[in-house]
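Thanks for sharing this one with me. Here are a few notes to read alongside the structure.

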Amino acid sequence: MNVADSNEIGRHLKAKGLVETQDPQDASIYLVNTCTVRQHAEDRAFSEIGRLGRWKAKRPGRKVVVSGCAAERTKEYLEDRFPFIDLVVGAKSIENFNEIAGRLLDRRATDEDLDYAVPAVNEKVAAFVTSMRGCNYSCTYCIVPYVRGREIYHSIDQILAEVRDRVSEGAREITLLGQTVNSYRHGQHRFADLLRAVAGIDGVERIRFISPHPYYMTDRVIETMATVPQVCESLHLPVQSGSNTMLKSMMRNYTREHYIALAGKMRQAVPDMTLSTDIIVGFPGETEEDFRQTLSLVEELQFDWGFVFKYSAREGTPAAELECLPQQLIEERHQRCLELVDRIALKKRLDLVGTIQDVLIEELGVGRTRTNYKVHVRRESRNLESAGRAQTIKYMFGAKRKPDRAQPQQTKRKPARSASPREAQAR
Ligand code: SAH
Ligand code: SF4
(Lines give C-alpha, C1' and ligand atoms only; values in the text may rest on other atoms or scores of the structure.)
(Ligands and ions follow the chains in the order given, each with its own letter.)
Protein backbone atom coordinates (compact mmCIF):
# COMPACT_ATOMS: atom_id res chain seq x y z
CA MET A 1 0.00 0.00 0.00
CA ASN A 2 2.77 2.43 0.91
CA VAL A 3 4.72 1.57 -2.22
CA ALA A 4 1.60 2.33 -4.25
CA ASP A 5 1.10 5.61 -2.40
CA SER A 6 4.74 6.55 -3.01
CA ASN A 7 4.30 5.79 -6.70
CA GLU A 8 1.14 7.88 -6.81
CA ILE A 9 2.81 10.83 -5.12
CA GLY A 10 5.76 10.39 -7.49
CA ARG A 11 3.44 10.50 -10.49
CA HIS A 12 1.92 13.80 -9.31
CA LEU A 13 5.38 15.31 -8.90
CA LYS A 14 6.50 13.98 -12.27
CA ALA A 15 3.43 15.47 -13.89
CA LYS A 16 4.57 18.80 -12.49
CA GLY A 17 7.88 18.41 -14.29
CA LEU A 18 10.07 16.84 -11.63
CA VAL A 19 12.19 13.78 -12.28
CA GLU A 20 12.94 10.97 -9.88
CA THR A 21 16.46 10.48 -8.60
CA GLN A 22 17.94 7.80 -6.37
CA ASP A 23 20.73 10.15 -5.26
CA PRO A 24 19.68 12.50 -2.43
CA GLN A 25 22.48 14.91 -3.35
CA ASP A 26 20.81 15.54 -6.72
CA ALA A 27 17.38 16.01 -5.18
CA SER A 28 15.44 19.21 -4.60
CA ILE A 29 12.55 17.54 -2.83
CA TYR A 30 13.02 14.67 -0.38
CA LEU A 31 9.84 12.74 0.27
CA VAL A 32 9.62 10.37 3.24
CA ASN A 33 6.50 8.23 3.01
CA THR A 34 5.90 6.76 6.45
CA CYS A 35 4.21 3.70 7.94
CA THR A 36 2.91 3.47 11.48
CA VAL A 37 1.50 -0.07 11.60
CA ARG A 38 4.26 -1.14 13.98
CA GLN A 39 6.42 1.03 16.24
CA HIS A 40 9.58 -0.17 14.50
CA ALA A 41 8.46 1.28 11.14
CA GLU A 42 7.67 4.63 12.74
CA ASP A 43 11.03 4.77 14.55
CA ARG A 44 12.88 4.16 11.29
CA ALA A 45 10.96 6.95 9.55
CA PHE A 46 11.75 9.42 12.34
CA SER A 47 15.46 8.67 12.26
CA GLU A 48 15.46 9.11 8.46
CA ILE A 49 13.69 12.47 8.83
CA GLY A 50 16.18 13.51 11.55
CA ARG A 51 19.04 13.16 9.06
CA LEU A 52 17.35 15.48 6.57
CA GLY A 53 18.04 18.67 8.56
CA ARG A 54 21.64 18.62 7.32
CA TRP A 55 20.62 17.58 3.81
CA LYS A 56 18.28 20.55 3.55
CA ALA A 57 20.80 23.03 4.93
CA LYS A 58 23.29 22.12 2.19
CA ARG A 59 21.33 23.80 -0.59
CA PRO A 60 18.81 26.63 -0.35
CA GLY A 61 15.34 25.88 -1.64
CA ARG A 62 15.39 22.19 -0.84
CA LYS A 63 12.11 20.85 0.50
CA VAL A 64 11.34 18.07 2.93
CA VAL A 65 7.94 16.43 2.56
CA VAL A 66 6.67 13.80 5.00
CA SER A 67 3.62 11.78 4.03
CA GLY A 68 1.73 8.63 5.02
CA CYS A 69 0.32 7.05 8.14
CA ALA A 70 2.87 8.22 10.71
CA ALA A 71 2.48 11.72 9.28
CA GLU A 72 -1.28 11.49 9.85
CA ARG A 73 -0.87 10.25 13.41
CA THR A 74 1.93 12.52 14.57
CA LYS A 75 1.64 15.71 12.46
CA GLU A 76 2.07 18.13 15.39
CA TYR A 77 4.90 16.17 16.95
CA LEU A 78 6.73 16.03 13.60
CA GLU A 79 6.39 19.77 13.03
CA ASP A 80 7.66 20.49 16.56
CA ARG A 81 10.55 18.07 16.52
CA PHE A 82 11.68 18.70 12.93
CA PRO A 83 10.91 22.37 12.20
CA PHE A 84 12.71 22.13 8.85
CA ILE A 85 9.88 20.01 7.37
CA ASP A 86 8.09 21.96 4.63
CA LEU A 87 4.98 19.86 4.28
CA VAL A 88 3.29 17.08 6.22
CA VAL A 89 0.68 15.18 4.20
CA GLY A 90 -1.31 12.64 6.22
CA ALA A 91 -2.43 9.34 4.71
CA LYS A 92 -6.01 10.59 4.50
CA SER A 93 -4.90 13.44 2.20
CA ILE A 94 -2.97 11.41 -0.36
CA GLU A 95 -5.90 11.61 -2.78
CA ASN A 96 -5.49 15.41 -2.70
CA PHE A 97 -1.73 15.32 -3.06
CA ASN A 98 -1.82 16.92 -6.50
CA GLU A 99 -3.32 20.11 -5.18
CA ILE A 100 -1.15 20.09 -2.05
CA ALA A 101 2.00 19.58 -4.12
CA GLY A 102 0.92 22.49 -6.32
CA ARG A 103 0.91 24.72 -3.25
CA LEU A 104 4.34 23.43 -2.20
CA LEU A 105 5.84 24.16 -5.61
CA ASP A 106 4.20 27.59 -5.71
CA ARG A 107 5.96 28.40 -2.46
CA ARG A 108 9.39 27.87 -4.01
CA ALA A 109 11.75 30.83 -3.55
CA THR A 110 13.05 31.01 -7.10
CA ASP A 111 12.77 28.87 -10.17
CA GLU A 112 16.38 27.81 -9.82
CA ASP A 113 15.58 26.16 -6.51
CA LEU A 114 14.01 23.22 -8.23
CA ASP A 115 15.28 21.14 -11.11
CA TYR A 116 12.79 20.87 -13.92
CA ALA A 117 12.83 18.30 -16.64
CA VAL A 118 10.44 16.40 -18.85
CA PRO A 119 8.09 14.07 -16.97
CA ALA A 120 9.58 10.62 -16.64
CA VAL A 121 7.69 7.57 -17.79
CA ASN A 122 7.35 4.80 -15.27
CA GLU A 123 8.09 1.55 -17.05
CA LYS A 124 7.30 -0.89 -14.28
CA VAL A 125 6.32 -4.30 -15.58
CA ALA A 126 4.37 -5.05 -12.41
CA ALA A 127 2.29 -2.09 -11.25
CA PHE A 128 0.09 -1.36 -8.24
CA VAL A 129 -3.34 0.20 -8.59
CA THR A 130 -5.27 1.38 -5.55
CA SER A 131 -8.92 0.34 -5.73
CA MET A 132 -9.98 1.48 -2.27
CA ARG A 133 -8.59 3.42 0.67
CA GLY A 134 -9.19 3.18 4.40
CA CYS A 135 -10.73 0.36 6.41
CA ASN A 136 -14.12 -0.22 8.06
CA TYR A 137 -12.79 -2.94 10.36
CA SER A 138 -11.78 -2.43 13.98
CA CYS A 139 -9.12 -5.06 14.58
CA THR A 140 -8.16 -4.15 18.12
CA TYR A 141 -4.39 -4.02 17.51
CA CYS A 142 -4.54 -1.96 14.34
CA ILE A 143 -3.88 1.74 13.81
CA VAL A 144 -4.86 1.76 10.13
CA PRO A 145 -8.54 2.81 10.53
CA TYR A 146 -7.40 5.76 12.68
CA VAL A 147 -4.79 7.04 10.26
CA ARG A 148 -6.43 6.16 6.95
CA GLY A 149 -10.09 6.64 7.84
CA ARG A 150 -13.10 4.71 6.64
CA GLU A 151 -13.36 2.91 3.32
CA ILE A 152 -13.59 4.95 0.12
CA TYR A 153 -13.91 3.03 -3.14
CA HIS A 154 -12.67 4.24 -6.49
CA SER A 155 -15.14 3.76 -9.32
CA ILE A 156 -14.52 0.92 -11.74
CA ASP A 157 -14.03 3.49 -14.52
CA GLN A 158 -11.36 5.29 -12.54
CA ILE A 159 -9.57 2.04 -11.72
CA LEU A 160 -9.70 0.84 -15.31
CA ALA A 161 -8.39 4.19 -16.56
CA GLU A 162 -5.46 3.83 -14.19
CA VAL A 163 -4.86 0.25 -15.30
CA ARG A 164 -4.80 1.42 -18.94
CA ASP A 165 -2.29 4.13 -18.03
CA ARG A 166 -0.02 1.61 -16.32
CA VAL A 167 -0.30 -0.78 -19.28
CA SER A 168 0.59 2.00 -21.69
CA GLU A 169 3.68 2.66 -19.56
CA GLY A 170 4.75 -0.97 -19.87
CA ALA A 171 2.89 -2.84 -17.11
CA ARG A 172 1.79 -6.40 -17.81
CA GLU A 173 0.91 -7.32 -14.26
CA ILE A 174 -1.53 -5.35 -12.09
CA THR A 175 -1.86 -5.70 -8.32
CA LEU A 176 -5.08 -4.25 -6.94
CA LEU A 177 -4.61 -2.73 -3.52
CA GLY A 178 -6.79 -2.07 -0.51
CA GLN A 179 -6.71 -2.78 3.23
CA THR A 180 -9.58 -5.22 2.73
CA VAL A 181 -9.32 -5.21 -1.02
CA ASN A 182 -12.05 -7.79 -1.57
CA SER A 183 -14.69 -5.77 0.31
CA TYR A 184 -14.74 -3.55 -2.82
CA ARG A 185 -18.15 -2.20 -3.77
CA HIS A 186 -19.15 0.57 -6.10
CA GLY A 187 -22.77 0.85 -7.26
CA GLN A 188 -23.73 -2.64 -8.38
CA HIS A 189 -20.12 -3.73 -8.68
CA ARG A 190 -18.37 -6.01 -6.25
CA PHE A 191 -14.79 -7.28 -6.12
CA ALA A 192 -15.38 -10.20 -8.50
CA ASP A 193 -16.71 -7.73 -11.10
CA LEU A 194 -13.64 -5.59 -10.66
CA LEU A 195 -11.34 -8.58 -11.26
CA ARG A 196 -13.21 -9.46 -14.44
CA ALA A 197 -13.18 -5.86 -15.66
CA VAL A 198 -9.41 -5.54 -15.15
CA ALA A 199 -8.90 -8.88 -16.92
CA GLY A 200 -10.82 -7.43 -19.88
CA ILE A 201 -8.19 -4.76 -20.51
CA ASP A 202 -5.86 -5.51 -23.41
CA GLY A 203 -2.31 -6.05 -22.26
CA VAL A 204 -3.12 -7.18 -18.70
CA GLU A 205 -1.60 -10.64 -18.43
CA ARG A 206 -1.53 -11.08 -14.69
CA ILE A 207 -3.71 -9.84 -11.84
CA ARG A 208 -2.97 -10.05 -8.13
CA PHE A 209 -4.57 -8.36 -5.12
CA ILE A 210 -3.62 -7.51 -1.53
CA SER A 211 -4.81 -7.67 1.22
CA PRO A 212 -7.99 -9.71 1.07
CA HIS A 213 -9.96 -10.30 4.26
CA PRO A 214 -11.24 -13.85 4.88
CA TYR A 215 -14.77 -12.53 5.47
CA TYR A 216 -15.07 -11.27 1.88
CA MET A 217 -13.56 -14.31 0.20
CA THR A 218 -16.97 -15.13 -1.25
CA ASP A 219 -17.83 -18.00 -3.58
CA ARG A 220 -18.02 -15.51 -6.44
CA VAL A 221 -14.48 -14.27 -5.77
CA ILE A 222 -13.21 -17.85 -5.52
CA GLU A 223 -14.95 -18.80 -8.74
CA THR A 224 -13.47 -15.75 -10.47
CA MET A 225 -9.98 -16.69 -9.30
CA ALA A 226 -10.53 -20.19 -10.60
CA THR A 227 -11.88 -19.23 -14.00
CA VAL A 228 -10.35 -15.92 -15.09
CA PRO A 229 -6.97 -16.87 -16.57
CA GLN A 230 -5.30 -13.54 -15.79
CA VAL A 231 -5.89 -13.89 -12.04
CA CYS A 232 -2.75 -15.49 -10.62
CA GLU A 233 -2.79 -18.66 -8.54
CA SER A 234 -1.60 -17.00 -5.36
CA LEU A 235 -3.42 -15.72 -2.32
CA HIS A 236 -2.04 -13.78 0.62
CA LEU A 237 -4.73 -14.19 3.26
CA PRO A 238 -3.75 -12.83 6.69
CA VAL A 239 -4.90 -15.11 9.51
CA GLN A 240 -3.17 -13.33 12.47
CA SER A 241 -3.71 -16.19 14.95
CA GLY A 242 -4.79 -19.82 15.15
CA SER A 243 -6.53 -19.37 18.48
CA ASN A 244 -10.23 -18.54 18.54
CA THR A 245 -9.76 -16.71 21.85
CA MET A 246 -7.15 -14.44 20.27
CA LEU A 247 -9.13 -13.98 17.03
CA LYS A 248 -12.09 -12.86 19.11
CA SER A 249 -9.99 -10.54 21.20
CA MET A 250 -8.45 -9.12 17.99
CA MET A 251 -12.01 -8.74 16.56
CA ARG A 252 -11.08 -10.50 13.35
CA ASN A 253 -14.61 -11.61 12.56
CA TYR A 254 -13.82 -15.25 11.68
CA THR A 255 -12.82 -18.38 13.55
CA ARG A 256 -9.96 -20.81 13.10
CA GLU A 257 -12.44 -23.34 11.67
CA HIS A 258 -13.82 -20.80 9.20
CA TYR A 259 -10.32 -19.92 7.98
CA ILE A 260 -9.31 -23.59 7.61
CA ALA A 261 -12.47 -24.39 5.67
CA LEU A 262 -11.91 -21.37 3.43
CA ALA A 263 -8.31 -22.35 2.72
CA GLY A 264 -9.51 -25.86 1.77
CA LYS A 265 -12.15 -24.46 -0.54
CA MET A 266 -9.63 -22.17 -2.19
CA ARG A 267 -7.11 -24.93 -2.74
CA GLN A 268 -9.75 -27.17 -4.21
CA ALA A 269 -10.93 -24.45 -6.60
CA VAL A 270 -7.41 -23.35 -7.59
CA PRO A 271 -5.28 -26.48 -7.13
CA ASP A 272 -1.79 -25.03 -7.79
CA MET A 273 -2.38 -21.95 -5.71
CA THR A 274 0.17 -20.71 -3.18
CA LEU A 275 -1.32 -19.60 0.12
CA SER A 276 0.58 -17.18 2.34
CA THR A 277 -0.34 -15.30 5.48
CA ASP A 278 0.40 -12.74 8.20
CA ILE A 279 0.65 -13.81 11.84
CA ILE A 280 0.91 -11.71 15.00
CA VAL A 281 2.56 -13.34 17.99
CA GLY A 282 2.44 -12.11 21.57
CA PHE A 283 -0.92 -10.35 21.40
CA PRO A 284 -1.99 -9.34 24.96
CA GLY A 285 -3.40 -12.34 26.84
CA GLU A 286 -1.90 -14.92 24.44
CA THR A 287 -1.21 -18.03 26.51
CA GLU A 288 1.19 -20.81 25.58
CA GLU A 289 -1.86 -22.82 24.53
CA ASP A 290 -3.13 -19.99 22.28
CA PHE A 291 0.31 -19.74 20.73
CA ARG A 292 0.41 -23.49 20.12
CA GLN A 293 -2.90 -23.17 18.32
CA THR A 294 -1.19 -20.79 15.93
CA LEU A 295 1.69 -23.23 15.41
CA SER A 296 -0.76 -26.06 14.81
CA LEU A 297 -2.69 -23.98 12.27
CA VAL A 298 0.56 -23.32 10.41
CA GLU A 299 1.34 -27.07 10.47
CA GLU A 300 -2.13 -27.95 9.31
CA LEU A 301 -2.39 -25.44 6.48
CA GLN A 302 1.24 -25.67 5.34
CA PHE A 303 1.44 -22.06 4.21
CA ASP A 304 3.74 -21.49 1.27
CA TRP A 305 5.29 -18.56 3.14
CA GLY A 306 4.29 -16.15 5.85
CA PHE A 307 5.16 -12.95 7.64
CA VAL A 308 5.40 -13.26 11.39
CA PHE A 309 5.07 -10.03 13.37
CA LYS A 310 5.78 -9.36 17.03
CA TYR A 311 2.79 -7.61 18.54
CA SER A 312 3.44 -3.87 18.76
CA ALA A 313 1.12 -1.76 20.93
CA ARG A 314 -0.23 1.23 18.98
CA GLU A 315 -1.41 4.14 21.05
CA GLY A 316 -5.13 4.79 20.73
CA THR A 317 -6.05 1.23 19.74
CA PRO A 318 -8.17 -0.86 22.15
CA ALA A 319 -5.43 -3.49 22.55
CA ALA A 320 -2.98 -0.83 23.75
CA GLU A 321 -5.09 -0.64 26.93
CA LEU A 322 -4.37 -4.29 27.69
CA GLU A 323 -1.39 -5.53 29.61
CA CYS A 324 1.50 -6.45 27.30
CA LEU A 325 3.27 -9.79 27.50
CA PRO A 326 6.95 -9.63 28.52
CA GLN A 327 9.08 -8.62 25.50
CA GLN A 328 11.34 -11.63 25.95
CA LEU A 329 8.38 -13.99 25.67
CA ILE A 330 7.21 -12.20 22.50
CA GLU A 331 10.72 -12.52 21.03
CA GLU A 332 10.87 -16.20 21.88
CA ARG A 333 7.47 -16.96 20.33
CA HIS A 334 8.38 -14.92 17.29
CA GLN A 335 11.49 -17.04 16.80
CA ARG A 336 9.61 -20.32 17.25
CA CYS A 337 6.87 -19.35 14.84
CA LEU A 338 9.28 -17.98 12.25
CA GLU A 339 11.31 -21.19 12.32
CA LEU A 340 8.22 -23.28 11.66
CA VAL A 341 6.89 -21.00 8.90
CA ASP A 342 10.29 -20.87 7.17
CA ARG A 343 10.87 -24.64 7.49
CA ILE A 344 7.58 -25.34 5.73
CA ALA A 345 8.28 -22.60 3.18
CA LEU A 346 11.62 -24.17 2.29
CA LYS A 347 10.04 -27.60 1.90
CA LYS A 348 7.41 -26.12 -0.42
CA ARG A 349 10.04 -24.39 -2.47
CA LEU A 350 12.05 -27.58 -2.83
CA ASP A 351 8.93 -29.24 -4.23
CA LEU A 352 9.25 -26.90 -7.20
CA VAL A 353 12.62 -28.27 -8.30
CA GLY A 354 12.38 -29.45 -11.87
CA THR A 355 8.92 -28.03 -12.53
CA ILE A 356 8.19 -25.73 -15.45
CA GLN A 357 7.11 -22.23 -14.44
CA ASP A 358 5.91 -19.22 -16.37
CA VAL A 359 8.16 -16.37 -15.25
CA LEU A 360 7.48 -12.74 -15.98
CA ILE A 361 10.78 -10.88 -16.01
CA GLU A 362 10.44 -7.67 -14.01
CA GLU A 363 14.01 -6.42 -14.22
CA LEU A 364 17.28 -7.81 -15.52
CA GLY A 365 17.82 -11.20 -13.95
CA VAL A 366 14.73 -11.18 -11.73
CA GLY A 367 11.21 -12.36 -12.39
CA ARG A 368 8.20 -13.86 -10.70
CA THR A 369 6.17 -17.01 -11.18
CA ARG A 370 2.40 -16.78 -11.38
CA THR A 371 2.35 -18.23 -7.88
CA ASN A 372 4.44 -15.23 -6.73
CA TYR A 373 7.82 -16.82 -6.17
CA LYS A 374 10.63 -14.45 -6.94
CA VAL A 375 13.09 -16.09 -9.33
CA HIS A 376 16.69 -15.15 -10.05
CA VAL A 377 17.49 -16.08 -13.62
CA ARG A 378 20.96 -17.42 -14.27
CA ARG A 379 23.19 -15.45 -16.52
CA GLU A 380 23.31 -18.21 -19.18
CA SER A 381 19.59 -17.66 -19.76
CA ARG A 382 19.72 -13.91 -19.77
CA ASN A 383 20.26 -13.56 -23.49
CA LEU A 384 16.71 -14.87 -23.81
CA GLU A 385 15.22 -12.38 -21.49
CA SER A 386 14.27 -8.76 -21.35
CA ALA A 387 12.12 -7.00 -18.78
CA GLY A 388 8.47 -7.70 -19.37
CA ARG A 389 8.93 -10.73 -21.57
CA ALA A 390 7.11 -13.61 -19.99
CA GLN A 391 8.96 -16.82 -20.51
CA THR A 392 8.42 -20.42 -19.72
CA ILE A 393 11.58 -21.42 -17.95
CA LYS A 394 12.68 -24.47 -16.04
CA TYR A 395 12.68 -23.81 -12.34
CA MET A 396 15.82 -25.21 -10.75
CA PHE A 397 16.53 -24.81 -7.10
CA GLY A 398 20.19 -24.21 -6.31
CA ALA A 399 22.55 -22.61 -3.84
CA LYS A 400 22.69 -18.83 -3.88
CA ARG A 401 25.34 -17.55 -6.28
CA LYS A 402 28.36 -15.79 -4.86
CA PRO A 403 28.52 -12.05 -5.63
CA ASP A 404 29.62 -11.61 -9.22
CA ARG A 405 32.52 -9.25 -9.73
CA ALA A 406 31.50 -8.57 -13.31
CA GLN A 407 28.27 -7.06 -12.00
CA PRO A 408 29.26 -4.79 -9.14
CA GLN A 409 25.84 -3.16 -8.94
CA GLN A 410 24.47 -6.48 -7.72
CA THR A 411 26.87 -6.68 -4.81
CA LYS A 412 25.90 -3.18 -3.69
CA ARG A 413 22.22 -3.81 -3.72
CA LYS A 414 20.54 -4.68 -0.45
CA PRO A 415 20.70 -8.48 -0.30
CA ALA A 416 17.46 -10.39 -0.37
CA ARG A 417 16.40 -11.54 3.11
CA SER A 418 18.17 -14.85 3.52
CA ALA A 419 15.06 -16.33 5.06
CA SER A 420 12.92 -15.18 2.14
CA PRO A 421 11.03 -18.30 1.27
CA ARG A 422 9.90 -17.09 -2.09
CA GLU A 423 13.24 -16.71 -3.79
CA ALA A 424 14.94 -19.26 -5.92
CA GLN A 425 17.18 -19.55 -8.91
CA ALA A 426 16.11 -20.63 -12.30
CA ARG A 427 17.65 -21.31 -15.65
N1 SAH B 1 -5.43 -4.81 6.08
C2 SAH B 1 -4.61 -5.93 6.17
C3 SAH B 1 -3.40 -5.76 7.01
C4 SAH B 1 -2.70 -4.45 7.05
S5 SAH B 1 -1.39 -4.31 8.19
C6 SAH B 1 -5.43 -7.09 6.72
O7 SAH B 1 -6.33 -6.90 7.51
O8 SAH B 1 -5.09 -8.18 6.41
C9 SAH B 1 -0.31 -5.65 7.69
C10 SAH B 1 -0.05 -6.63 8.78
O11 SAH B 1 0.62 -6.00 9.86
C12 SAH B 1 -1.28 -7.25 9.41
O13 SAH B 1 -1.80 -8.31 8.67
C14 SAH B 1 -0.78 -7.69 10.77
O15 SAH B 1 -0.29 -9.01 10.70
C16 SAH B 1 0.36 -6.73 11.04
N17 SAH B 1 0.02 -5.78 12.10
C18 SAH B 1 -0.92 -4.81 12.07
N19 SAH B 1 -0.95 -4.15 13.24
C20 SAH B 1 -0.01 -4.73 14.03
C21 SAH B 1 0.43 -4.51 15.37
N22 SAH B 1 -0.10 -3.57 16.13
N23 SAH B 1 1.43 -5.28 15.85
C24 SAH B 1 1.98 -6.25 15.09
N25 SAH B 1 1.60 -6.51 13.83
C26 SAH B 1 0.61 -5.76 13.31
FE1 SF4 C 1 -6.18 -3.15 10.25
FE2 SF4 C 1 -8.00 -5.05 10.50
FE3 SF4 C 1 -8.41 -3.03 8.80
FE4 SF4 C 1 -6.56 -4.86 8.25
S5 SF4 C 1 -8.77 -5.22 8.44
S6 SF4 C 1 -6.33 -2.65 8.11
S7 SF4 C 1 -5.76 -5.36 10.25
S8 SF4 C 1 -8.30 -2.89 11.01
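The points below cover the sheet, its helices, the nonpolar core and the ligand shell.

1. A word on the source before anything else: this is a predicted model, so please read the points below in that light.

2. Let's begin with the sheet. It is open and built from 3 strands in the order S1-S2-S3, with parallel pairing. Strand S1 (29-34) and strand S3 (87-90) are the edge strands; each has a single partner strand, so one side of each has no neighbour in the sheet. On average, neighbouring strands are turned by 15° against each other, direction ignored.

3. For a closer look at one pairing, S1 and strand S2 (residues 63-68) run parallel and are joined over 6 bridges. Within that pairing, Tyr30 has Val64 in S2 as its bridge partner. Helix H1 (residues 2-15) packs on the sheet and touches S1 and S2, its direction making about 155° with that of S1. Helix H2 (residues 39-57) also lies across S1 and S2, and runs at about 170° to S1.

4. Next, the core. The largest nonpolar core has 90 residues, and those touching the most other members are Val66, Val129, Tyr141, Ile174, Leu176, Val198 and Leu275. Helix H8 (residues 191-199) gives the most to this core, with 5 residues. Leaving aside residues up to four places away in sequence, Val198 touches Leu160, Val163, Ile174, Leu176, Val204 and Ile207.

5. Finally, which residues come nearest to ligand 1? Of the 17 around it, they are Gln179, Pro238, Asp278, Phe309 and Ser312. The shell around ligand 1 divides into 8 nonpolar, 6 polar and 3 charged residues.

Definitions and conventions:
Residues numbered from 1 in each chain as written. Chains lettered and ligands numbered in written order. Predicted model: local features only at pLDDT ≥ 70, side-chain atom pairs only at ≥ 80, totals over all residues. Near = placed C-beta within 6 Å. Nonpolar A, V, L, I, M, F, W, Y, C, P; charged D, E, K, R; others polar. Pairing = 2+ DSSP bridges. Helix = DSSP H or I, 4+ residues; strand = E, 2+ residues; numbered from the N terminus. Axes fitted to C-alpha atoms, helices over the stretch in contact; angles between N-to-C directions. Contact = placed C-beta atoms within 7 Å. Core = buried A, V, L, I, M, F, W, Y, C linked by C-beta atoms within 7 Å. Buried ≥ 20, exposed ≤ 12 C-beta atoms within 10 Å, placed from the backbone.
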